[in-house]
There are 2 protein chains.
Amino acid sequence: MSEFSQSETQEPRPAVSRRGFLVSAGLATGVAAVGVGTGYAVAQAEAAQKAASGDLGQQKVPFYGKHQAGIETASQAYGTFLGWKLKPSTDREGAIRMMRLLTDDAARLTQGVPALPDNDPYLALNPARLTATFGFGPSFFTKLGLDSKIPTGFAELPAFSIDKLKPEFSGGDLVIQVGSDDPLSLSHAVRQLTRTARSFATILWSQSGFTSTPGAKPEGQTGRNLFGQVDGTVNPRTAEEFDAQVWAQGSPRWFDGGTSMVLRRIAMNLDTWDKLDEGSKELSVGRKLSNGAPLTGVNEFDPPNLAAKSDNGLPVIPSFAHMRRARTDDVTQKFLRRPLNYDEGINSDGSPNVGLLFAAYMANVSHQFVPVQQRLADLDLLNTWTTPIGSAVFALAPGCQPGGFIGEGLLS
Amino acid sequence: MSEFSQSETQEPRPAVSRRGFLVSAGLATGVAAVGVGTGYAVAQAEAAQKAASGDLGQQKVPFYGKHQAGIETASQAYGTFLGWKLKPSTDREGAIRMMRLLTDDAARLTQGVPALPDNDPYLALNPARLTATFGFGPSFFTKLGLDSKIPTGFAELPAFSIDKLKPEFSGGDLVIQVGSDDPLSLSHAVRQLTRTARSFATILWSQSGFTSTPGAKPEGQTGRNLFGQVDGTVNPRTAEEFDAQVWAQGSPRWFDGGTSMVLRRIAMNLDTWDKLDEGSKELSVGRKLSNGAPLTGVNEFDPPNLAAKSDNGLPVIPSFAHMRRARTDDVTQKFLRRPLNYDEGINSDGSPNVGLLFAAYMANVSHQFVPVQQRLADLDLLNTWTTPIGSAVFALAPGCQPGGFIGEGLLS
């Protein structure tokens, strides 16, 4: 069979060990050196040519920065969340090694550069806004003796009366969130990150979902879920709003610029939902199905008039409407939603196995998320057709700079 | 709650019965009449505005014609195959009713028009090259007393030594193949078609896969599978090639313009595949990973030189190479491949649950597909890393004209 040159003075090829490469070239700084042979170089050059034309595959989200990518990033078309449990042998030193390697993978893959090693490097060429984001569950802190560094307000959620949680969609020490506008690029990145993580941790669950393909829905309209609802209208958009709602402000200090994610898997019963007519569906949420406008408004982003009454004296937006129950006038309780739809095929009775991967991001879980979820658990007509079947919380570390790694402030 | 006008002289709204509508407006010819209320009309107008700009969501594949869509159609980014078993109560009259209704659904949904009824009509607005294609398994003919109309060469595949078939991915009386460049549009269409089919049939399996998002890979390059291989180079491209390889030429007469599909679910072992270096991977197939060129050529579509020897006297394209085993000089044995990658997450040991939904289309299964598959079962180095775990064959009926339905030549 064919043979490799493994000399590190020549172009490294895929089978060169990452350890060797990291030693010789420095961690994740040698992007230009990561050619993997002539064929790869040609393909890489072809891909680079496309960059100038704004080609979708060549769109790249910067990896390094104050915050991790994949949070403020506009939702990609496809996403996967991976939940991991640390192996008993993974101590704090092991966790540092794991996060160094995962950081290295992510820094490369998101920029269209194969991981080290990456034995399918051609699948890395078209990242299509690929992001990889890392977070730690409450048990991660406890297992590694880091309880003193738990972010303010970060804890497992209380039990809610509506929950029917399944272990196969819940909990975890470590989360890896991956998103891309291309399903092939996503699948390859998940494979590479999994290959690294599985040396240190055991997979608990993998959950995948989608929004819409770029260009598939009208420009500027928020995406729809599988109930047909425009979903995600009330979200922070400016840097100031992100600072106020999403990014932790140094409490504790290592978490400055981080955020917390609540991931809820919400099963949706399309069979019963589809028995409703359009007006009834709109009353259950308080928004129009056509464009997501509040029932008292015309356009999606019109503020709702909660005091408005119809001719018969009842509120136009009913007391049980999801929108009325979820919203808050306390700006310190708002947060970012970045939901993905899931579709796992068809149950044996012909009903669809579909729902929402509800991912929410906030500086402080106890203060921002729990009160809203409690209100919705107490009363929300949408509960009639939805069931939370998975739940997990993770502290997403701040970003890092070249040479650093995600989680360094916590683990170092 | 809100109320509907169900008068058929006004715009029908989603809850109007399909039966009533079909009677009053004629089957699937009343597309312009399918407004479903003011909000919907506004959203529809917005979507229509986009059509002029070549917006991805508004790209439509014609439904009616001599052949069904979704075969000659360039592969969409996402696809789902649904396998069904007829209910014992579904006789030939029932099958006619089912195919009339499925045809009506497909004729509407593929053109961005909600099905009747469609209680989530806003999800129908952006078809993004949506196609829906229908076919019948050998058992469909037998159950309905139609054995005399079985297409020439159409039969269950023989058992191959490499097969490890699982019932949950195999067989079926009816297949519905759905494809779209938008996963949300796809999910909605599958939901609508399932809602119709489940009155007449029971779901056996649902299998979903993907290629690449439009714009994510270099223009003109064939797509890659999860082994990183360019997959689908040798395919018919001209109308003449489709006539010679894919479209049945009137044997029996009702099948004129139809084709047969072989659907094989092929599990791929990425863990062992990734132990190979690039050169070894290339030898196993006989093509370069960089661009899919034969090992004796430079560009993807260069013809291979099977006689070429390397300096050591061995064939450049080895005797065990997939390409040498699969190819044929007999043009009457060629056929169309339209593979999708599948990624069902991660097994508990950390290995990826991935593979290929190998969909092949040919006029005559026995003459075109079986000899090739037999050669590959006998010898193909790729068998080392791949395992067929699902298999089914379906006769895809010819297309139909407005007022007709898919399968009319067989069932009427």
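The contact between the two chains draws 71 residues from chain B and 73 residues from chain A. This is a predicted model, and the tour below begins at that contact before moving to individual residues.

**First stop: the two chains together**

Display chain A and chain B in separate colours. The area buried between chain B and chain A is about 5700 Å², and carbon and sulfur atoms account for 54% of it. Three residues may be picked out on the chain B side: B:Y122, B:R191 and B:I346 supply 11% of the area that chain B buries against chain A, more than any other three residues.

Next, superpose the copies. A turn of 180° with a shift of 0.0 Å along the axis lays chain B on chain A with an RMSD of 0.0 Å. The two copies are thus related as by a two-fold rotation axis. To find that axis in the viewer, select B:T213, whose C-alpha comes closest to the rotation axis among the residues of chain B, at 3.7 Å.

Why do the copies meet through the same surface? Of the interface residues of chain B, 100% are also interface residues in chain A, so one surface serves both copies.

**Second stop: what crosses the interface**

Now show side chains along the boundary. The interface of chain B and chain A has 36 residue pairs in polar contact. The elements of chain B that each give two or more residues to the side touching chain A include helix 2 (38-51), strand 1 (78-86), strand 4 (201-210) and strand 7 (340-346). Which element of chain B gives the most to that side? Helix 5 of chain B does, with seven residues. Colouring by class shows 27 nonpolar, 24 polar and 20 charged residues on the side of chain B that touches chain A.

Eight salt bridges are found across the interface of chain B and chain A. Side chains of opposite charge can pair when their charged atoms come close.

**Third stop: A:D274 and A:K281**

Select A:D274. Its side chain meets that of B:R191 in a salt bridge, with N to O at 2.8 Å. A:D274 also forms a salt bridge with A:K281, where the closest N and O atoms are 3.4 Å apart. Is A:D274 buried or exposed? A:D274 is buried, because its relative accessible area is 4%, which is under 20%.

Move on to A:K281, which counts as buried at 1% relative accessibility. A:K281 forms a salt bridge with B:D120, the closest N and O atoms being 3.0 Å apart. This pair crosses between chains, running from A:K281 in helix 8 (residues 278-285) of chain A to B:D120 in the loop between helix 3 and strand 2 of chain B. Both A:K281 and B:D120 are buried.

**Fourth stop: a salt bridge within chain B**

The structure holds 20 salt bridges over all chains. One to select is that of B:D173 with B:K143, in which the closest N and O atoms are 2.7 Å apart. The pair links distant parts of the chain: B:D173 is in the loop between helix 4 (138-143) and strand 3 (174-180) of chain B, while B:K143 is in helix 4 of chain B, 30 residues apart. B:D173 is buried, with a relative accessible area of 3%, whereas B:K143 is partly exposed, at 45%.

To see several salt bridges together, select A:D120, A:R191, A:R198, B:D271, B:D274 and B:K281, which are joined into one network by salt bridges that share partners.

**Fifth stop: B:A115**

Select B:A115, in the loop between helix 3 (92-109) and strand 2 (131-136) of chain B. B:A115 counts as buried, at 3% relative accessibility. Not counting residues up to four places away in sequence, B:A115 touches B:D105, B:R108, B:L109 and B:Q192. For a distance across the chain, add B:T259: its C-alpha is separated by 26 Å from that of B:A115, and the two are 144 residues apart along the chain.

**Last stop: A:Q68**

Finish in chain A with A:Q68, found in the loop between helix 2 (38-51) and strand 1 (78-86). A:Q68 is buried, with a relative accessible area of 5%. Which backbone oxygen does the side chain of A:Q68 reach at 2.8 Å? The backbone oxygen is that of A:F134. A polar atom of the A:Q68 side chain also lies 2.9 Å from the backbone oxygen of A:A397. Leaving aside neighbours within four places in sequence, the residues in contact with A:Q68 include A:A132, A:T133, A:W247, A:L396 and A:I406.

Notes
Residues numbered from 1 in each chain as written. Chains lettered and ligands numbered in written order. Predicted model: local features only at pLDDT ≥ 70, side-chain atom pairs only at ≥ 80, totals over all residues. Heavy atoms only, no water. Helix = DSSP H or I, 4+ residues; strand = E, 2+ residues; numbered from the N terminus. Buried < 20%, exposed > 50% of the residue type's maximum accessible area, 1.4 Å probe, protein only. Polar contact = N/O pair within 3.5 Å; in protein donor to acceptor, adjacent residues only side chain to side chain. Contact = heavy atoms within 4.5 Å. Least-squares fit on C-alpha atoms with pLDDT ≥ 70 in both. Buried area = accessible area lost by both parts, 1.4 Å probe. Salt bridge = Lys/Arg side-chain N within 4 Å of Asp/Glu carboxyl O. Nonpolar A, V, L, I, M, F, W, Y, C, P; charged D, E, K, R; others polar.
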